[in-house]
Amino acid sequence: MVGTRQFRIKQPQSIAQMVVERLREAIIDGHFGLGENISEDKLAETFGVSRTPIRDALLQLQQSGLVIVRPKRGTFVFSPTLADVEILCEYRLMLEMQALRLSMTRNHGDLTDAIQSAVTAMTAALEASDQFAYARADAAFHRAFFDLCGNRLIRDAYTVAEGQLGAIRSSLSVAYGQPGDQSYAEHKQIAELIAAKDIDALAAVMDEHVWRTLRVARDALPEDAGSRRP
């Protein structure tokens with residue numbers, strides 16, 4: 001029969017998937033600290049579900065790198081070393097600059113609007129001293145590069161590390177109190193350069209902005225022999 005697709009019933013989200021989304025959000029927002037033990041029993045009680053969907057959700061989050069399951073010890077939020085952060089920064093900078101170039105070429109107007117909306121949300125979060133809202137606005141700022149780049153492979157590649165980057169960003173914000181004024185100023189500068197289509201100046205500011213994560217992390221995360229950047 002032609003056109004039967006319109007009659008298909010959209011399946012509701014599974015309980016496990018809903019738990020995945022809520023727990024992922026909680027980790028990224030910093031409600032669970034890096035390296036913190038996650039109790040299946042407490043999660044089941046909190047969400048009002050059995051342990052089965054909790055276990056399924058934790059397995060999915062393990063695949064995305066947000067949690068680590070240690071046999072006979074429990075499940076923990078991932079705990080990166082400086083070398084891990086360095087690798088993430090290299091990966092992030094490479095992808096963000098390419099996504100920026102494409103989104104500025106293909107969807108400059110929409111990109112400018114999305115970036116300005118994120119900056120407005122960051123400003124409001126700063127004024128309200130809401131570090132969680134600030135972190136979400138920060139994530140939306142950078143996610144706009146990928147949502148508007150017109151290349152699903154680049155967008156999907158960023159998704160691989162987006163959760164870990166968000167959790168690290170939130171953890172450092174919690175450790176240092178208010179989101180840094182310097183980082184906020186850089187977001188505003190990036191927004192202005194995007195509007196002006198100044199890709200060369202953007203590259204310099206983005207390099208400084210992305211690598212700030214590693215510099216701030218030096219006082220908060222364990223040293224690792226694999227770290228190469230001074």
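**Group meeting: strands, core and ring pairs in a predicted model**

Strand β2, residues 67–70, pairs with β3 in the antiparallel sense, and four bridges join them. Before I go on, please keep in mind that this is a predicted model.

Let me stay with the strands. Within the β2 and β3 pairing, Val-67 has Val-77 in β3 as its bridge partner. The two strands form a hairpin with three residues between them, and in that hairpin Lys-72 takes a positive phi near 65 degrees. Strand β3 covers residues 74–77, and it also pairs with strand β1, residues 37–38. That pairing is antiparallel too, over two bridges. Here Asn-37 stands opposite Phe-76 in β3. Phe-76 has another partner to look at: the charged end of Arg-70 sits over its ring, 4.8 Å from the ring centre. As background, side chains in a regular strand alternate between the two faces of the sheet.

Now the core. How many residues does the largest nonpolar core have? It has 63. The residues with the most contacts inside this core are Ile-27, Leu-100, Leu-111, Ile-115, Phe-145 and Ile-194. Helix α4, residues 82–106, supplies the largest share of the core, eleven residues.

Take Ile-115 as an example. Leaving out residues up to four places away in sequence, Ile-115 touches Phe-141, Ala-144, Phe-145, Ala-191 and Ile-194. Next to it in the numbering is Gln-116, which lies in helix α5, residues 108–127. Is Gln-116 buried, partly exposed or exposed? Its relative accessibility is 43%, so Gln-116 counts as partly exposed. The C-alpha atoms of Gln-116 and Glu-192 are 9.0 Å apart, although the two residues are separated by 76 residues along the chain.

Next, the rings. A pair of aromatic rings is described by the distance of the centres and the angle of the planes. The structure holds two aromatic pairs. One is Phe-141 with Phe-145, an edge-to-face pair with 5.8 Å centre to centre and 65 degrees between the planes. Both of these residues lie in helix α6, residues 131–147, and they are four residues apart, about one turn of the helix. Phe-141 and Phe-145 are both buried.

The other pair is Phe-146 with Tyr-158, and this one is stacked: the centres are 3.9 Å apart, with 10 degrees between the planes. Why does this pair tie together separate parts of the chain? Phe-146 lies in helix α6 and Tyr-158 in helix α7, residues 152–176, so the pair ties together parts that are twelve residues apart in sequence. Phe-146 and Tyr-158 are both buried.

Last, two residues with charged names. Glu-186 lies in helix α8, residues 181–196, and Arg-212 lies in helix α9, residues 199–217. Are they buried or exposed? Buried means under 20% relative accessible area. Glu-186 is at 7%, so it counts as buried. Arg-212 is at 13%, so it counts as buried as well.

What do they touch, if we set aside residues up to four places away in sequence? Glu-186 is in contact with Val-205, Glu-208, His-209 and Arg-212. Arg-212 touches Gln-182, Ser-183 and Glu-186. Each of the two therefore appears in the contact list of the other.

That is the end of my part.

Key. Residues are numbered from 1 along each chain as its sequence is written. This is a predicted model: local features need pLDDT of at least 70, side-chain atom pairs count only at pLDDT 80 or more; totals for chains, interfaces and linings use all residues. Side-chain values use heavy atoms; hydrogens and water are left out. Buried means under 20% relative accessible area, exposed over 50%, partly exposed in between (1.4 Å probe, protein chains only). A nonpolar core is a set of buried Ala, Val, Leu, Ile, Met, Phe, Trp, Tyr and Cys residues joined through side-chain atoms within 4.5 Å. Contact means heavy atoms within 4.5 Å. Two strands pair if DSSP finds at least two bridges between them. Rings of Phe, Tyr and Trp (its six-membered ring) pair if their centres lie within 6.5 Å; planes under 30 degrees apart count as stacked, over 60 as edge-to-face and the rest as tilted. A charge sits over a ring if NZ of Lys or CZ of Arg is within 6 Å of the ring centre and within 35 degrees of the ring normal.
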